[in-house]
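Me: Please take a close look at the cysteine cross-link in this protein. Then set it beside the charged pairs and the surface around it.

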Amino acid sequence: FEARARGEVPYDSSCSRYLFPNYLGHHEIARYAMCWWDASEKHGGPFGSRVSETIRFADPRIADINHVVGARGIEEAAVLHHFAGRTKDWDRMLTLFGMSRRDTSYCQRVFDHVDQAARTQSCVAGSPVAQCEPPTVVC
């Protein structure tokens with residue numbers, strides 16, 4: 001919307017062609033990331049200094065918005081921790097979450113567990129600065 005208001009060509013969803021497997025069934029996530037970085041810079045400004053009249057950007061060097069749990073575990077502060085990939089260790093995820101698999105089938109038990117955790121643990125957004133420069137690392 002902002003690009004159109006400035007008389008510029010708006011984002012045309014050109015990166016979406018890399019979201020789904022290609023005709024051979026391969027995912028092209030690196031191409032998607034590179035395309036999206038270019039589009040983000042074109043429409044929002046350079047990494048770490050993006051601006052918009054509509055939304056507010058979070059600088060990932062300051063706040064880890066989407067922390068993929070891997071070797072670093074969940075010790076690092078993040079707004080959101082998530083487990084990625086096909087080889088998720090569900091038992092480890094549930095242990096870190098603090099619930100048994102059996103209890104997760106009851107929504108109210110999950111809600112109660114989350115509410116209790118929120119009362120006893122403080123959440124602080126942010127993480128150490130990461131050195132991530134496209135295209136070698138997807139942050």
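Reply: Here is the cross-link, followed by the charged pairs and one surface patch.

The model is predicted.

Start with the cysteines. The count comes to 1 disulfide. Cys-15 and Cys-35 make it, with their sulfurs 2.1 Å apart. The cut-off for a disulfide is 2.5 Å between the sulfur atoms, so this pair qualifies. A disulfide is a covalent bond between the sulfur atoms of two cysteines.

Where do Cys-15 and Cys-35 lie? Cys-15 belongs to the loop between α1 (2–5) and α2 (29–44), while Cys-35 is in helix α2, so the bond ties together parts that are 20 residues apart in sequence. As for handedness, the torsion about the S-S bond is about -85°, so the disulfide is left-handed.

Are these two cysteines buried or exposed? Both Cys-15 and Cys-35 are buried. Each therefore has under 20% relative accessible area. Cys-107 is another matter. Its relative accessible area is 53%. The cut-off for exposed is over 50%, so Cys-107 counts as exposed.

Now the charged pairs. The whole structure holds 4 salt bridges. Three of them are described here, beginning with Arg-101 and Asp-91.

The side chains of Arg-101 and Asp-91 form a salt bridge at 3.1 Å, N to O. Arg-101 sits in the loop between α3 (90–97) and α4 (107–120), and Asp-91 sits in helix α3, so this contact ties together parts that are 10 residues apart in sequence.

Asp-103 pairs with Arg-109. Their closest N and O atoms are 2.8 Å apart. Arg-109 is partly exposed, at 39% relative accessible area.

Arg-6 and Glu-8 also meet through their side chains, with 3.2 Å from N to O. How exposed is Arg-6? Arg-6 is partly exposed, with a relative accessible area of 44%. Glu-8 is partly exposed too, at 38%. Both values fall between the 20% and 50% cut-offs, so neither residue counts as buried or as exposed.

Last, the surface patch. Which residues form a nonpolar patch on the surface? They are Ile-65, Val-79 and Leu-80. Together they offer about 250 Å² of accessible area. Val-79 is in the loop between β1 (67–68) and β2 (81–82).

To recap the part you asked about: the disulfide joins Cys-15 to Cys-35, and both of these cysteines are buried.

Note on methods
Residues are numbered from 1 along each chain as its sequence is written. This is a predicted model: local features need pLDDT of at least 70, side-chain atom pairs count only at pLDDT 80 or more; totals for chains, interfaces and linings use all residues. Side-chain values use heavy atoms; hydrogens and water are left out. Patches are made of residues with over 30% relative accessible area and no salt bridge: like charges are joined within 9 Å, nonpolar side chains (Val, Leu, Ile, Met, Phe, Trp, Tyr) within 5 Å. Accessible areas come from the Shrake-Rupley method with a 1.4 Å probe; for residues, only the protein chains shown count as cover. Helices (H or I, at least four residues) and strands (E, at least two) are DSSP runs, numbered from the N terminus. Buried means under 20% relative accessible area, exposed over 50%, partly exposed in between (1.4 Å probe, protein chains only).
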